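Here are some short exercises with worked solutions. Keep the viewer open and try each one before reading on.

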Amino acid sequence: MTGIEQVMALFQQVADELGMACHPGNGVVELTPKGLNKKVSGTAIIRQFVGDEVLADFVDTFTDEELVVYRQLCAHLGTPKRKKVLRLQKLFRFVYVGDSAPDVPVGQLFRYLRDRGYHVLLVVVAGHQPLEELADVVVGDSDGTLHVLRDVGIHARPWWRPGRSHSGKAA
């Protein structure tokens, strides 16, 4: 095994011992409780803006494990207020930036929402073909991502710059 494969095997072993799930990403490994992933958490958050009815068919694709976690998240977030949902449906635009395998389910959620008339934008950093197939825009790097976000009116600044640590503090 290569060094990366050995590290991944170690992460998987730790996840198994803790009863967690292991999601390899682009330069990271995400350890989450089983059933919790970006598809489940993203759907629970978007539910607050579009309501249950819109997402019913998408939620039907969840595994039993995901469904349990989704219901727990929804209970924690509370029931969307009907009047608020109707008003927000017309206003919100959903934007997501992804770059690796754990982001594919969010891409599927965005395709689902787009098919139902919602304004969504999935920006993907090149390098993961299944995610690129779901993308609205594919960019080469984080600078490309910032350029696209600024073009659509989202003013973001990079949290990391040369000369600074990844925590944002001076190196």
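**Exercise 1.** Which residues are linked in a network of salt bridges?

Before solving, note that this is a predicted model, where local features need pLDDT of at least 70, side-chain atom pairs count only at pLDDT 80 or more, and totals for chains, interfaces and linings use all residues. Residues are numbered from 1 along each chain as its sequence is written, and side-chain values use heavy atoms, with hydrogens and water left out.

*Step 1.* Get the rule straight: a salt bridge needs a side-chain nitrogen of Lys or Arg within 4 Å of a carboxyl oxygen of Asp or Glu. By this rule the count comes to 5.

*Step 2.* Start at lysine 38. Its side chain meets that of glutamate 30 at 3.2 Å, N to O. Lysine 38 also forms a salt bridge with aspartate 103, where the closest N and O atoms are 2.9 Å apart.

*Step 3.* Place the second pair. Lysine 38 sits in helix 2 and aspartate 103 in the loop between strand 3 (93–98) and helix 6, so this bridge ties together parts that are 65 residues apart in sequence. Helices (H or I, at least four residues) and strands (E, at least two) are DSSP runs, numbered from the N terminus.

*Step 4.* Put it together: the network links Glu30, Lys38 and Asp103.

**Exercise 2.** Sort the three network residues into buried or partly exposed.

*Step 1.* Use these cut-offs: buried is under 20% relative accessible area, exposed is over 50%, and partly exposed is in between (1.4 Å probe, protein chains only).

*Step 2.* Lysine 38, at 24%, is partly exposed, and so is glutamate 30, at 21%. Aspartate 103 has 3% relative accessibility, so it counts as buried.

**Exercise 3.** Describe how helix 2 and helix 6 cross, and list the residues that make the contact.

*Step 1.* Two packed helices are described by the angle between their axes and the distance between the axes. Here the axes are lines fitted to C-alpha atoms over the stretch in contact, with angles running from 0 to 180 degrees between N-to-C directions.

*Step 2.* The axes of helix 2 (residues 38–50) and helix 6 (residues 104–115) come within 8 Å and cross at roughly 35°.

*Step 3.* Now the residues (contact means heavy atoms within 4.5 Å). Helix 2 brings Lys38, Lys39, Gly42, Thr43 and Ile46, while helix 6 brings Pro105, Val106, Leu109, Phe110 and Leu113. Lys38 turns up again here, having already appeared in the salt-bridge network.

**Exercise 4.** Where in the chain are the two partners of the salt bridge between aspartate 136 and arginine 114?

*Step 1.* Check the distance: the closest N and O atoms are 2.6 Å apart.

*Step 2.* Aspartate 136 lies in the loop between helix 7 (129–132) and strand 5 (137–139), and arginine 114 in helix 6, 22 residues apart.

*Step 3.* Look at the exposure. Aspartate 136 is partly exposed at 36%, and arginine 114 is partly exposed at 28%.

**Exercise 5.** Which residues does threonine 145 touch, not counting residues up to four places away in sequence?

*Step 1.* Find threonine 145 in helix 8 (residues 142–151). With a relative accessible area of 8%, threonine 145 is buried.

*Step 2.* Its contacts are Val97, Val123, Val125 and Val139.

*Step 3.* Take valine 125 as a check: threonine 145 and valine 125 are 20 residues apart in sequence, and 7.3 Å apart in space, C-alpha to C-alpha.
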